[in-house]
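User: I would like to learn how the labels in a structural description are justified. Could you take me through this protein and set each value against its definition?

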Amino acid sequence: MTEKERPSSSQPDPIQSSYYQPEDEISLLDLLEVLVRKKVLIFVTASIFTVLSMFYVFSITPIYRATIGFQPPERSLASFFPGFMAGISPDGSRKVGDNYLLSKFLTEFQSYPIQEKVFIDGKFLQKFVANDPNVDMEKGIVQEINRSIHASDRGKGLSAQTVFFEMEGAKPEVISGFLNALAERAKSEAINGAKKSMLQGIKVLMDKYSAELENIRSKEKAEKAGKIRRFSDNLEIAKNLSIVD
């Protein structure tokens, strides 16, 4: 006879399968105990990072930013002259909205030669480099200044037409003084350029009017000579006909 097959002992017990094994949890007291036990290590680590942060802050040189803004004139250059002379002004033949003076000013303001002149004439080498400045440093500093000055988006809400430039440096009073001196020089160069253009325009206009006047005089002289010649011919004919003595 064969024995009855007994149920396998590997089958899961329904009672055991429903039993829940709780996960291990860390209580607040355990955390406090760890903090108290490692307080020396935590204090030393925090102190090291604090000292390193203070050393970094005091060792680096702070960088400042100076901003300057320019607004176009309310009137164009051509509006200061009568209609017959407005055409000789630099912006007389330009479309409305173009402003010669502002464009010229911004060109001069960003010009490297103008920046170099302001740097030398204003003796800014001694102001930028207080300790033992030398002439060999001038070109390098001017090139750095030229790269540092750039158009800025700051303050655009003040006026849609206002143009802003900013410059960065370690000495705020020096960079702001340089920007102001540069603006004055650029303004002077723009005005002198406009005057030069006006004088050239006036000379061209005077040459044109002189040529027209000389042409008119030549025509009048030719007409007068023709009248005299015709009168002489008529007089000769009258003498031949014994009309006049």
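**From values to labels**

Analyst: Of the 245 residues in the protein, buried residues make up 22%, where buried means under 20% relative accessible area, exposed means over 50% and partly exposed lies in between (1.4 Å probe, protein chains only). This is a predicted model, in which local features need pLDDT of at least 70 and side-chain atom pairs count only at pLDDT 80 or more, while totals for chains, interfaces and linings use all residues. Residues are numbered from 1 along each chain as its sequence is written, and side-chain values use heavy atoms, with hydrogens and water left out.

User: How many helices and strands does the secondary structure come to?

Analyst: There are 9 helices and 3 strands, counted as DSSP runs numbered from the N terminus (H or I with at least four residues for a helix, E with at least two for a strand). Read from the N terminus, the order of the elements is α-α-α-β-α-α-α-α-α-β-β-α.

User: What makes α5 and α9 oblique to each other?

Analyst: The axes of helix α5 (residues 100-109) and helix α9 (residues 172-240) come within 8 Å and cross at roughly 130°; such axes are lines fitted to C-alpha atoms, for helices over the stretch in contact, with angles from 0 to 180 degrees between N-to-C directions. Angles under 35 degrees count as roughly parallel, over 145 as roughly antiparallel, 65 to 115 as roughly perpendicular, and the rest as oblique. The angle of roughly 130° falls in that remaining class, and therefore α5 and α9 are called oblique. Their crossing is also right-handed, the name for a near helix turned clockwise from the far one by less than a right angle, whereas an anticlockwise turn is left-handed.

User: Why are α6 and α9 called oblique?

Analyst: Helix α6 (residues 112-121) packs with α9 at an angle of about 120°, their axes being 10 Å apart. This angle, too, belongs to none of the named ranges, so α6 and α9 are oblique to each other. The crossing in which α6 passes α9 is right-handed.

User: What makes the contact of Arg-185 with Asp-121 a salt bridge?

Analyst: A salt bridge is a side-chain nitrogen of Lys or Arg within 4 Å of a carboxyl oxygen of Asp or Glu, and the closest N and O atoms of Arg-185 and Asp-121 are 2.9 Å apart, which meets the limit. The pair links distant parts of the chain, with Arg-185 in helix α9 and Asp-121 in helix α6, 64 residues apart. Arg-185 counts as partly exposed because its relative accessibility is 22%. In general, side chains of opposite charge can pair when their charged atoms come close. The structure holds 7 salt bridges, and Arg-65, Glu-166 and Glu-168 are linked in a network of them.

User: How do you know that Lys-187 and Glu-184 are separated by about one helical turn?

Analyst: Lys-187 and Glu-184 are 3 residues apart in helix α9, which means a separation of about one helical turn, and their side chains meet in a salt bridge at 3.5 Å, N to O. Lys-187 is partly exposed because its relative accessibility is 41%, and Glu-184 is partly exposed at 49%.

User: Is Lys-203, with its relative accessible area of 52%, buried or exposed?

Analyst: Lys-203 has a value above the upper limit and so counts as exposed, while its salt-bridge partner Asp-207 (3.2 Å, N to O) is partly exposed at 42%. Asp-207 and Lys-203 lie 4 residues apart in helix α9, again about one helical turn.

User: Which residues form the nonpolar patch on the surface?

Analyst: The patch is formed by Leu-28, Leu-29, Leu-31, Leu-32, Leu-35 and Ile-42, with about 610 Å² of accessible area together. Patch residues need over 30% relative accessible area and no salt bridge, with nonpolar side chains (Val, Leu, Ile, Met, Phe, Trp, Tyr) joined within 5 Å and like charges within 9 Å; the areas come from the Shrake-Rupley method with a 1.4 Å probe, and for residues only the protein chains shown count as cover. Helix α2 (residues 28-37) gives the largest share, 5 residues, whereas Ile-42 sits in helix α3 (residues 39-59). Ile-42 is partly exposed because its relative accessible area is 43%.

User: What makes Lys-123 exposed?

Analyst: Lys-123 has a relative accessibility of 59%, so the label exposed applies. Lys-123 is in the loop between α6 and α7 (124-128), and its phi is near 55°, a positive value in a residue other than glycine. Gly-122 is placed in that loop between α6 and α7 as well, but at 26% Gly-122 counts as partly exposed.
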